[in-house]
Amino acid sequence: MFKPQIYNIPDRPGEPFIDPEEIRSILALSAAPTPDRVREVAAKSLALQRLSLADTAVLLNAAGPDSERVIFDAAERLKREVYGDRIVVFAPLYIGSRCVNDCTYCGFRASNRETVRRTLSEGEVRREVGELARTGQKRLILVFGEHPDYSPEFIARMARTVYETRNDGDRINRVNINAAPLSAEGFRIVGEAGIGTYQIFQETYDPEVYARVHGRGPKGDYAYRLTAMDRAVEAGIDDVGLGVLFGLGDWRYEVLSLVRHTNHLEACFGVGPHTISFPRIRPATNLDTRLFPTVDDADFRKIIAVLRLAVPYAGLILTAREPAALRDELIRYGISQIDAGTRLEVGGYSETGGMQELSREQFELSDARSLRDIVAGLVEGGYIPSFCTACYRKGRTGEHFMQFASTGHIKKLCTPNALLTFAEFLEGYASGPLYDRGWALIEERAAGLEEGIRTITEEKLRAVRNGGRDEFL
């Protein structure tokens with residue numbers, strides 16, 4: 001499907017592929033692009049043609065209101081064409097805060113004596129899942145520190161525990177994982193638990209910066225982390241999530257390296273990342289954020305818009321690290337997934353009563369809105385909150401998913417499924433104005449579907465109104 005580009009370092013599975021000088025030289029060669037060149041690149045993306053690294057560098061280097069308006073307008077249009085107006089909603093569940101790494105930017109770093117260390121038992125996981133499920137959550141990402149206790153077997157057992165937990169019929173339908181890199185055998189063990197996406201952030205693709213911010217611990221092995229997704233895909237996990245932590249190195253370099261990583265996966269496996277995340281450094285216990293370079297909101301907006309144009313099929317995740325108003329705004333320019341009703345403390349959903357306890361968190365939360373409040377805000381903005389897990393249950397993952405998403409066809413399936421899952425949320429967990437406005441939005445969007453799909457969707461919506469659940473295409 002994708003033609004591999006020619007790089008200074010050949011693309012071979014399991015081998016490092018980032019050449020810092022190559023990345024910097026591409027950025028330098030694309031410095032100060034003309035508005036016409038920016039429009040040319042934007043038009044290429046809107047035609048659903050994959051951008052080269054040189055194309056992406058043009059967008060990253062574009063300056064001035066006219067060129068930036070072209071980028072934002074194109075990103076907004078492409079987002080609508082590929083993803084429609086649905087926003088996938090999920091929640092993180094922190095399983096354990098023990099960690100042997102000493103990353104200078106993280107509240108869970110091993111040397112931080114102010115952090116409360118804890119690992120949830122299976123019973124505590126069931127209690128947390130019960131609290132999440134009763135609010136209407138259907139999708140979770142389990143988060144683990146890097147520690148010998150968090151073996152592949154342990155991660156797989158926690159995923160199975162989540163799937164097996166029921167709360168008066170409520171349940172979680174999809175479990176993603178954010179954890180340390182594993183061996184190929186470790187990935188196979190976790191994959192057999194039926195997980196969705198396995199997420200690993202490189203944090204920074206600059207080897208010098210990487211060495212500086214990662215002290216003792218296995219995370220200091222840049223190459224092992226860089227090639228982790230190769231091992232995951234080879235072990236059968238065909239949905240992987242990439243990301244960097246902005247505030248460590250030059251943001252243009254990091255974005256271009258993210259796209260280089262994407263191209264590497266496409267060249268070696270025909271499958272790019274299912275999701276891309278771009279967290280910014282946040283305050284944490286015993287952490288001075290002034291020691292790190294700031295990525296301001298203007299640059300952050302541009303990062304998201306450029307990534308939407310450079311990798312149109314990937315889900316872009318914006319977490320509750322960011323304030324509510326900014327998250328609401330950036331949905332326009334490419335965001336397709338957000339967390340909601342988030343608690344970052346280990347055990348936070350059932351124990352903290354909604355109050356933040358920074359000593360139990362990896363970082364400070366910015367958007368503390370409840371799931372219901374975020375859903376209501378999405379509806380007011382004309383977006384469809386989606387709790388859909390249909391692609392994973394119907395086998396539309398990996399290359400199959402990319403064939404749909406990269407051509408813009410996935411919207412034909414995802415919009416009906418978003419409507420159905422949102423209808424189930426309204427019937428089970430909403431009332432009053434949210435219920436009425438939500439159903440009005442569903443009926444409006446269903447009426448705009450293609451005839452055959454519309455008929456099937458409306459039949460299933462009627463079933464949901466009559467008490468049916470777990471309806472999907």
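## Exercises on contacts, charges and the core

**Exercise 1.** Which residues does Asp170 touch, not counting residues up to four places away in sequence?

*Solution.* Step 1: Asp170 touches Ala133, Arg134, Thr165 and Tyr429. Contact means heavy atoms within 4.5 Å.

Step 2: know the model. It is predicted, so local features need pLDDT of at least 70 and side-chain atom pairs count only at pLDDT 80 or more, while totals for chains, interfaces and linings use all residues. Residues are numbered from 1 along each chain as its sequence is written, and side-chain values use heavy atoms, with hydrogens and water left out.

**Exercise 2.** Locate Asp170, then describe its surroundings.

*Solution.* Step 1: Asp170 lies in the loop between helix H6 (152–164) and strand E3 (174–178). Helices (H or I, at least four residues) and strands (E, at least two) are DSSP runs, numbered from the N terminus.

Step 2: Asp170 is buried. Buried means under 20% relative accessible area, exposed over 50%, and partly exposed in between (1.4 Å probe, protein chains only).

Step 3: look for a partner of opposite charge. Lys and Arg count as positive, Asp and Glu as negative; His and the chain ends are not counted. The nearest such side chain is Lys138, 4.6 Å away, and Asp170 has no salt bridge. A salt bridge needs a side-chain nitrogen of Lys or Arg within 4 Å of a carboxyl oxygen of Asp or Glu.

Step 4: the side chains of Asp170 and Tyr429 do share a polar contact of 2.5 Å. A polar contact is a pair of N or O atoms within 3.5 Å; within protein, one must be able to donate a hydrogen and the other to accept it, and residues adjacent in sequence count only if both atoms are side-chain atoms.

**Exercise 3.** How far apart in sequence are the salt-bridge partners Arg24 and Asp206?

*Solution.* Step 1: the closest N and O atoms of Arg24 and Asp206 are 2.7 Å apart, and the two form a salt bridge.

Step 2: Arg24 sits in helix H1 (residues 20–29) and Asp206 in the loop between E4 and H8, 182 residues apart.

Step 3: compare accessibility. Arg24 is partly exposed at 34%. Asp206 is buried at 10%.

**Exercise 4.** Is Arg260 buried or exposed?

*Solution.* Step 1: find Arg260 in helix H11 (residues 251–269).

Step 2: its relative accessibility is 0%, so Arg260 counts as buried.

Step 3: check the partners. Residues touching Arg260 include Tyr7, Phe17 and Leu53. A polar contact of 3.1 Å joins the side chains of Arg260 and Asp11.

**Exercise 5.** What is the sign of phi at Glu203?

*Solution.* Step 1: recall the usual case. Most residues other than glycine have a negative phi.

Step 2: Glu203 is not a glycine, yet its phi is positive, about 75°.

Step 3: Glu203 lies in the loop between strand E4 (198–199) and helix H8 (207–213). At a relative accessible area of 8%, Glu203 is buried.

**Exercise 6.** How many residues are in the largest nonpolar core?

*Solution.* Step 1: define the term. A nonpolar core is a set of buried Ala, Val, Leu, Ile, Met, Phe, Trp, Tyr and Cys residues joined through side-chain atoms within 4.5 Å.

Step 2: the largest core has 146 residues. Among those with the most contacts inside it are Ile177 and Phe278.

Step 3: beyond its neighbours within four places in sequence, Ile177 contacts residues including Leu142, Phe144 and Tyr198.
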